[in-house]
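Visitor: I should like a close look at a single part of this model, in place of a general tour. Please choose one part and follow it outward to the residues around it.

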Amino acid sequence: MAGLRVDFGLLLEPLGFIKVLEWIFSIFAFATCGGFQGETTLLVSCKGVVNKTVTAAFAYPFKLNTVVFSAPDPKRCGGTWTDVYLVGNFSSSAQFFVTLAVLVFLYCIAALVVYIGYKHVYQQNSKFPLTDLVITVISAFLWLVSTFAWAKALADIKVSTGASIIPGIESCKAPGTTCRFASVTSMGTLNVSVVFGLLNTVLWGGNVWFVYKDTNLHNQSNRISPSPGIYPTQRGV
């Protein structure tokens, strides 16, 4: 393999420029999803307690069924308050989304190293563009699937941490006990993560064409297709 030849010229072309955008957007995707922390808050009134704040803190990977609310008081409302858990396990969708973002982040770094330092090798060895094309197509498809799966999971997370949880809490049905929903942490950053997932889907899908143009598949199709208006000369008999 030929040695390193640093050339930033490819970054000014669509192939390199889009790869930089993919690298940046993947960072935002896993950061906005994987870095989230929030809590749901209730106001509980029971024996000896008035409007006591109880909280359930949740975060990535959103295994809500392992998250328990704090007790209203040490006596647990005279023994009527049992452990109250949130409902749902959305870790598979969240981890799928974040794992994909991390993997494509690492791939973008490797691809940019090749683009910048080994452009001549990339262009001379047909295996590199073909490999790049396959990974780009697969990544575009996985971004589409993971983003829609994560968007559905996020909608369910909002339900499982919102005001609708009150009727399902048995401890709130005990005589003399009342529960009111107080608040839940804003999930704006999680909404942003879905947006970046869609942007990544568009970027990787659009980049398929530019990667394809560097492969032998595109070059062969150009050689096979006859130029319009040009016909072979016919010789007389």
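Guide: A residue is called buried when its relative accessible area is under 20%, exposed when it is over 50%, and partly exposed in between, with a 1.4 Å probe and protein chains only. The model is a predicted one, in which local features need pLDDT of at least 70 and side-chain atom pairs count only at pLDDT 80 or more, whereas totals for chains, interfaces and linings use all residues. Residues are numbered from 1 along each chain as its sequence is written, and side-chain values use heavy atoms, with hydrogens and water left out.

The part chosen is the sheet, and its setting comes first. Seven helices and three strands make up the secondary structure of the protein; these are DSSP runs, helices being H or I with at least four residues and strands E with at least two, numbered from the N terminus. In sequence order the pattern is α-β-β-α-α-α-α-β-α-α. Of the 237 residues in the protein, 39% are buried. Where contacts join residues at least 6 apart in sequence, 74% of them link residues at least 24 apart, a contact being heavy atoms within 4.5 Å.

The three strands form an open sheet with the order 2-1-3 and antiparallel pairing. Strand 2 (49–59) and strand 3 (178–184) stand at the edges with a single partner strand each, so one side of each has no neighbour in the sheet. On average, neighbouring strands are turned by 20 degrees against each other, direction ignored; the axes are lines fitted to C-alpha atoms, for helices over the stretch in contact, and angles run from 0 to 180 degrees between N-to-C directions.

Strand 1 deserves particular attention. Eight of its 10 residues are buried, so strand 1 is largely enclosed by the rest of the structure. Towards strand 2, strand 1 pairs in the antiparallel sense over nine bridges, where pairing requires that DSSP finds at least two bridges between the strands. Within this pairing, Gln37 has Ala59 of strand 2 as its bridge partner, and Glu39 has Ala57. The two strands form a hairpin with two residues between them, and Gly48 in the turn has a positive phi of about 80 degrees. Towards strand 3, strand 1 (residues 37–46) is joined by six bridges, again running antiparallel. Here Leu42 stands opposite Phe181, and Val44 has Cys179 as its bridge partner.

Leu42 also leads out of the sheet to Ile165, a residue in the loop between helix 5 (127–160) and strand 3. Ile165 is buried, because its relative accessible area is 13%. Residues up to four places away in sequence aside, Ile165 touches Thr40, Leu42, Phe69, Leu86, Val159 and Ser160. Among these, Leu86 is 79 residues away from Ile165 in sequence, while their C-alpha atoms are 8.0 Å apart in space.

The chain after strand 2 shows some notable backbone geometry. A cis peptide bond with omega of about 10 degrees joins Tyr60 and Pro61, and Pro61 is placed in the loop between strand 2 and helix 2 (76–79). Phe62 lies in this loop between strand 2 and helix 2 as well. Although Phe62 is not a glycine, its phi is positive, at about 65 degrees; with a relative accessible area of 0%, Phe62 is buried. Arg76, located in helix 2, is likewise not a glycine and has a positive phi of about 55 degrees. Arg76 counts as partly exposed because its relative accessibility is 29%.

Which residues does Ser91 touch, leaving aside those up to four places away in sequence? They are Pro61, Phe62 and Lys63, and the first two of these have been met in the loop between strand 2 and helix 2. Ser91 itself belongs to helix 3 (residues 91–117). Its relative accessible area of 8% is why Ser91 is classed as buried.

To close, the sheet may be restated in brief. Strand 1 is paired with strand 2 over nine bridges and with strand 3 over six. From strand 1, Thr40 and Leu42 are among the residues touched by Ile165. Beyond strand 2, the cis bond between Tyr60 and Pro61 is followed by Phe62 with its positive phi, and both Pro61 and Phe62 are in contact with Ser91.
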